[in-house]
Amino acid sequence: MLGFSTSIAIAGVPSAWDTFIYQAAGADPTIIALAKAIVARESEWNPNAINPADPSYGLMQILYGPGGPFPSYTKQQLLDPITNIELGILFLRQQLARYAGDLPSAISAYNAGHATSANQSYVDDVLLYVAWYLANDPLAAGAAAPPTSTSSDTGDTVPSDTTSPPADGSIDTAQAGLGVAGAIALGIAAVVALGSK
C-alpha cells in the first residue's frame, strides 16, 4: 500500500495491540502515534504480513536475519505481535536517538537502515499517519491509557473501547488536545501535504 489511507488509519483505533503499544512506547503520545503510523504504512495492521523481498515480518515489518536490527530473533518470533511491537518501538527509539530526535530522518532510517532521500514518499506517508493518529486516536493524543478488560474465554487482555474516529479522517486539533509534539507533527504533515500537491 502506498500513500495515506483513512480506512487503514481507522483500523488502528482502537487496535487489538493498543495496550502493548502504550506500554512499549512508555505512554509517550508521539511514540505511540509514530508506532501506529509505521504499522499502518508497513503492514496495514496485518500481524501476519511478510515481505519476502527483504525479508521483513509482522506488524512493524522487522527485517529478519543478519542484516536486520535483531538477528537472533526467528521468523516466528518476529510474527508474534507483542514481540514485533516491542522490537519495532525499540528500533524506532534507536533511530530517534541516532538522529537526535529528527523525525523525518528517524523514519527514513527505520525503513532503509539509514536516513536517505530515496524513501521520501515513505517518510511523507508515515508523517501523515502520525498527524492523523495524534488528532484522532485518544491513545496517541495522550488522553489516557488504553481501556482493557479480560476475556473470560482466554484470559487475554483485550481493548474494551470500540469508539472510532470520524470516518472522513478529518483532523480536529482542538478536540484532540495536542501538545507541542503533536502540533509539530501536524505542522510537518501539513507541509508535506502541501509540498506533494
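Start by selecting helix H6, residues 103–112, in this predicted model: the helix is mostly covered, and seven of its 10 residues are buried. To see which ones these are, colour Leu103, Ser105, Ala106, Ile107, Ser108, Ala109 and Tyr110, the buried residues of H6. Then step just past the end of H6 to Gly113, where the backbone takes a positive phi of about 90°.

Next, move to helix H3, which spans residues 29–43, and pick out Lys36 within it. Is Lys36 buried or exposed? Lys36 counts as buried because its relative accessible area is 0%, and the cut-off for that word is under 20%. With Lys36 still selected, display the side chain of Asp137 as well, since a polar contact of 2.5 Å joins the side chains of these two residues. To see what else surrounds Lys36, leave aside the residues up to four places away in sequence and show the ones that Lys36 touches, namely Gly12, Ser15, Asp18, Ile21, Trp45, Tyr133, Asp137 and Leu139.

Finally, turn to the sheet, which is open and has three strands in the order S1-S2-S3, with antiparallel pairing. Select strand S1 (50–51) and strand S3 (62–63), which are the edge strands, each pairing on one side only. Now add strand S2, residues 56–57, and look at how S2 runs antiparallel to S1, with two bridges joining them. A good place to end is Asn51, which stands opposite Ser56 in S2.

How values were computed:
Residues are numbered from 1 along each chain as its sequence is written. This is a predicted model: local features need pLDDT of at least 70, side-chain atom pairs count only at pLDDT 80 or more; totals for chains, interfaces and linings use all residues. Side-chain values use heavy atoms; hydrogens and water are left out. Two strands pair if DSSP finds at least two bridges between them. Helices (H or I, at least four residues) and strands (E, at least two) are DSSP runs, numbered from the N terminus. Buried means under 20% relative accessible area, exposed over 50%, partly exposed in between (1.4 Å probe, protein chains only). A polar contact is a pair of N or O atoms within 3.5 Å; within protein, one must be able to donate a hydrogen and the other to accept it, and residues adjacent in sequence count only if both atoms are side-chain atoms. Contact means heavy atoms within 4.5 Å.
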